[in-house]
Amino acid sequence: MEQRPYSTGTKKLLAGFSILLVTISLYPLSSAPQIRPEIHARQVLEAYKRSYPDRVSSVSWKNDDWIIEVGGEVFYWANGRLLPEELRDKWQDFKPYVFYLYPEEAPDPKSYSPERIAELQKIGSAEHQMQGPDHHNGFRSALYGGTKRGEIEQNLVQVRFLGRIISVHRMIENQVQQIDERIRMLAKSDPEVAQFLKNLGTVGGYNWREIRGTSRISMHSFGLAIDIQPRKLGSKAIYWQWEQERNPKWMLVSQNNRWAPPAAVIKAFEDEGFVWGGKWDLYDQMHFEYRPELHEVSKLYMIFSSLQKFGIGGD
């Protein structure tokens, strides 16, 4: 049965109280806890709506499931698979999208249990990455404007970023310009940021490629990710798969032995809706990608978990 529209106040209350029902488990690619999608379908879809108001027109209940309308196309939650109606009953044939609480800090490898280390070794194997089904690309195609190379390249614009010209999706043009201006301003008073710019090597945006070890295209292929590398790494790790080639204990490399941009630079990206790959267990220290919906989900969780401390809501 269709639900009647809620008032703004009611929407806030419903979102808040339902967040208190979250049950979380470890997200295998990050130190952050994963929201179980079968519990939080509506909250995740509403996060997309708030994050992409020009693309997402509605979130509603239909045919016993939550649906989201993106660019005129309708997708059912379908146990986190985000599928068109004709495929919703075949949800087991597809890999679920992953939604997690974006952490404030990068993980401390010292905190990993033996079980977690073994799990990361398994996850990091090429065999594991190639196993199982893939995502259905329809949702991302509707949200980002295509999944084929020709379609995506029509969405690209060139921007000057940290002294380089890079191509990015037009939807993040303003955000990238804001980050550039903020980093340059910080460099005037922050010696660490100034040194970061001085030692800057390559900066990359759009790059049509598959995620290494899989057949999936990366966020770089949508023009929604930026990689930043220094001129010299020294002996520091920067990407888990590169480190894996020389070090079987790649997941235990301490944060001090991983290259990282200054905290102020990371914050500049995060404030514009990006997430940093250095906060993933499968770390990618040079990588930033545009995922504003994850920040929205995390904000809601933090707000309403605080309410729980005052006895509002329940387990």
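# Notebook: strands, core, rings and a few loops

T202 stands opposite Q229, a residue of β9. I started from that pairing and worked outwards. Note to self: this is a predicted model.

**Entry 1: β9 and its partners**

I looked up which strand pairs with β9 on the T202 side. β8 and β9 run antiparallel to each other and share four bridges. Then I checked for a second partner and found β11, joined to β9 by three bridges, again antiparallel. On that side D227 faces H287 of β11. How many of the six residues in β9 are buried? I get five, so the strand goes down as mostly covered, given that buried means under 20% relative accessible area.

**Entry 2: the whole chain**

I stepped back for the totals. The protein counts 11 helices and 11 strands. Of its 315 residues, 48% are buried. I also pulled the contacts between residues at least 6 apart in sequence, and 60% of these join residues at least 24 apart.

**Entry 3: the β6–β7 hairpin**

Next I went to β6 (156-161) and β7 (164-169), which pair antiparallel over six bridges. They make a hairpin with two residues between the strands. One of the turn residues, L162, has a positive phi of about 55°. F161 has R164 of β7 as its bridge partner.

**Entry 4: F161 and the core**

F161 came up again when I listed the largest nonpolar core, which has 72 residues. The residues with the most contacts inside that core are I68, F139, F161, I228 and F269. I asked what F161 touches beyond four places in sequence. My list reads I166, V176, I179, D180, V203, I226, I228 and F269. I228 and F269 are on that contact list, and both are also named among the best-connected core residues.

**Entry 5: aromatic pairs**

I searched for ring pairs and got 18 in the structure. I opened one of them, Y239 with W240, which is edge-to-face at 6.3 Å centre to centre with 65° between the planes. Both Y239 and W240 are buried.

Then I opened W250 with Y283, a tilted pair with 6.3 Å between centres and 55° between planes. The two rings come from distant parts of the chain, 33 residues apart. W250 sits in the loop between α9 (240-244) and α10 (263-270), while Y283 sits in the loop between β10 (274-276) and β11 (287-290). Are these two buried or exposed? W250 is buried because its relative accessibility is 1%. Y283 is buried too, with a relative accessible area of 0%. Y283 also has a charged neighbour: R258 lies over the face of its ring, 3.8 Å from the ring centre.

**Entry 6: S221**

I wanted a loop residue near β9, in chain terms, and picked S221 from the loop that links β8 (200-204) and β9 (225-230). S221 counts as buried because its relative accessibility is 0%. Where does its side chain reach? I find the backbone oxygen of N207, at 3.4 Å. Beyond four places in sequence, S221 contacts I152, Y206, N207, W208 and R209.

**Entry 7: H136**

H136 is another loop residue I checked, placed between α4 (126-130) and α5 (138-144). Its relative accessibility is 18%, so H136 counts as buried, the cut-off being under 20%. The H136 side chain reaches the backbone nitrogen of G138 at 3.1 Å. I then left out neighbours within four places in sequence and listed what H136 contacts: L82, L83, P84, L87, F94 and Y97.

**Entry 8: K49**

Last lookup: K49, in helix α2 (residues 41-51). K49 goes down as partly exposed because its relative accessibility is 29%. I asked which residues K49 touches, not counting those up to four places away, and got V56, S57, S58 and V59. I also took the C-alpha separation from K49 to E69, which is 9.2 Å for residues 20 apart along the chain.

Definitions and conventions
Residues are numbered from 1 along each chain as its sequence is written. This is a predicted model: local features need pLDDT of at least 70, side-chain atom pairs count only at pLDDT 80 or more; totals for chains, interfaces and linings use all residues. Side-chain values use heavy atoms; hydrogens and water are left out. Buried means under 20% relative accessible area, exposed over 50%, partly exposed in between (1.4 Å probe, protein chains only). Contact means heavy atoms within 4.5 Å. A polar contact is a pair of N or O atoms within 3.5 Å; within protein, one must be able to donate a hydrogen and the other to accept it, and residues adjacent in sequence count only if both atoms are side-chain atoms. A nonpolar core is a set of buried Ala, Val, Leu, Ile, Met, Phe, Trp, Tyr and Cys residues joined through side-chain atoms within 4.5 Å. Rings of Phe, Tyr and Trp (its six-membered ring) pair if their centres lie within 6.5 Å; planes under 30 degrees apart count as stacked, over 60 as edge-to-face and the rest as tilted. A charge sits over a ring if NZ of Lys or CZ of Arg is within 6 Å of the ring centre and within 35 degrees of the ring normal. Two strands pair if DSSP finds at least two bridges between them.
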